[in-house]
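Colleague: I would like to go through some of the labels used for this model and hear the reasoning behind each one.

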Amino acid sequence: MHPPPSADLDALRVAIAEHWADHARDLPWRAASTTAWGVLVSETMSQQTPVARVAPSWTAWMERWPTPADLADAPTADVLRAWGSLGYPRRALRLQECAAAIVERHGGVVPHEEDDLLALPGVGPYTAAAVRAFAYRRRAVVLDTNVRRVLARTVGGRAAPPPGAPSRSERELAAALLPDGDEASAEWNIGLMEFGALMCTARSPRCDQCPAAAACAWRRAGHPADEHAARRRTQTYEGTDRQARGRVMARLREAADGTLHSWAELVSVASTDPDQAQRAVATLLADGLVVERAGELRLP
Ligand code: SF4
């Protein structure tokens, strides 16, 4: 993708800034008092989980473990219980490992250099960029699904970005569009993300009310269909291994601290499909979300 004509880019910048000024959601981690650790926790929780579900969990989490040192010291079973039903609980384990690494390598302070962030457990290019942009107000290319979709439509003239991780050309385009200066780029990043979350949504873009409509290549082209539609995974949950693992984790979280469970008990709650049930418990063990002691199972 090539950068748009400067008139379109100017119009897009104005539209994004105005939308942010008028419609930014009051999410708890956007308070001025939020620490870099709070930003890192919010970004970890918000990957794969809608922000409406994340907000109350984030607030309770930060009250309980306001610093990396607090989380590093916590019993892992408590961490997994507090993660609750946010889903993909390996993120909770990685977050605790990340907290321990921040304490060990950085004296308990979330680093701001990209290489240091990327070296932390569970921190990939997106989270590193988000922490740099939103916690430290640095110039960083923040490329989440919302940003990718907005750029694919407004600049690329496509319904959606290609499936999978961001391509090199997407990264180059996002970097080329990033305003000069730390503060301006941080505002652009947060504004683009919010615009994608609220206005230029995946399923129901509000083109009729969109302040960027005149500068949008996809709209001008007549909304051509998604060329990758057949390759996109439909996210079903019912009947999946994920659901079976979720049932086992729910049983473990609900039990009193220190309760031991038999393999047969956990298999029985996982699934009516015997192979799937065995697989659910076995993969939770392999992931470190369940531990075995003398033939009995429990949270780590
Ligand atoms: S016109 Fe529609 S597709 Fe284009 S940026 Fe606005 S909401 Fe998105």
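Modeller: A residue is near a molecule if one of its heavy atoms lies within 4 Å of it. In this predicted model, the ligand is surrounded by residues including Arg-153, Phe-195, Cys-200 and Trp-218.

Colleague: Which elements give two or more residues to that shell?

Modeller: They are α9 (145–154) and α12 (217–220). The ligand takes up the space of the largest cavity.

Colleague: What makes up the shell, by class?

Modeller: There are 8 nonpolar, 1 polar and 3 charged residues in the shell around the ligand. Cys and Pro count as nonpolar and Arg as charged, so Cys-200 and Pro-205 go with the nonpolar class and Arg-206 with the charged class.

Colleague: Why are Trp-29 and Trp-58 called an edge-to-face pair?

Modeller: Their ring centres are 5.8 Å apart and their planes are at 70°. Centres must lie within 6.5 Å, and planes over 60 degrees apart count as edge-to-face, so both conditions are met. The pair links distant parts of the chain: Trp-29 is in the loop between α1 (6–23) and α2 (36–46), and Trp-58 is in helix α3 (residues 51–64).

Colleague: Why does Trp-29 count as buried?

Modeller: Buried means under 20% relative accessible area. Trp-29 has 11%, so it is buried. Trp-58, at 8%, is buried because it is also under that limit.

Colleague: How do you know that Arg-13 lies over the face of Trp-188?

Modeller: The distance from the ring centre is 5.3 Å. The cut-off is 6 Å, so the distance condition is met. The charge must also be within 35 degrees of the ring normal, and Arg-13 is listed as lying over the face.

Note on methods: Residues numbered from 1 in each chain as written. Predicted model: local features only at pLDDT ≥ 70, side-chain atom pairs only at ≥ 80, totals over all residues. Heavy atoms only, no water. Phe/Tyr/Trp six-rings, centres within 6.5 Å; stacked < 30°, edge-to-face > 60°. Helix = DSSP H or I, 4+ residues; strand = E, 2+ residues; numbered from the N terminus. Buried < 20%, exposed > 50% of the residue type's maximum accessible area, 1.4 Å probe, protein only. 1 Å grid on protein atoms, 1.4 Å probe; cavity = no way out; pocket = protein on both sides within 12 Å on 5 of 7 lines; lining within 4 Å. Sits in = over half its atoms within 2 Å of the grid points.
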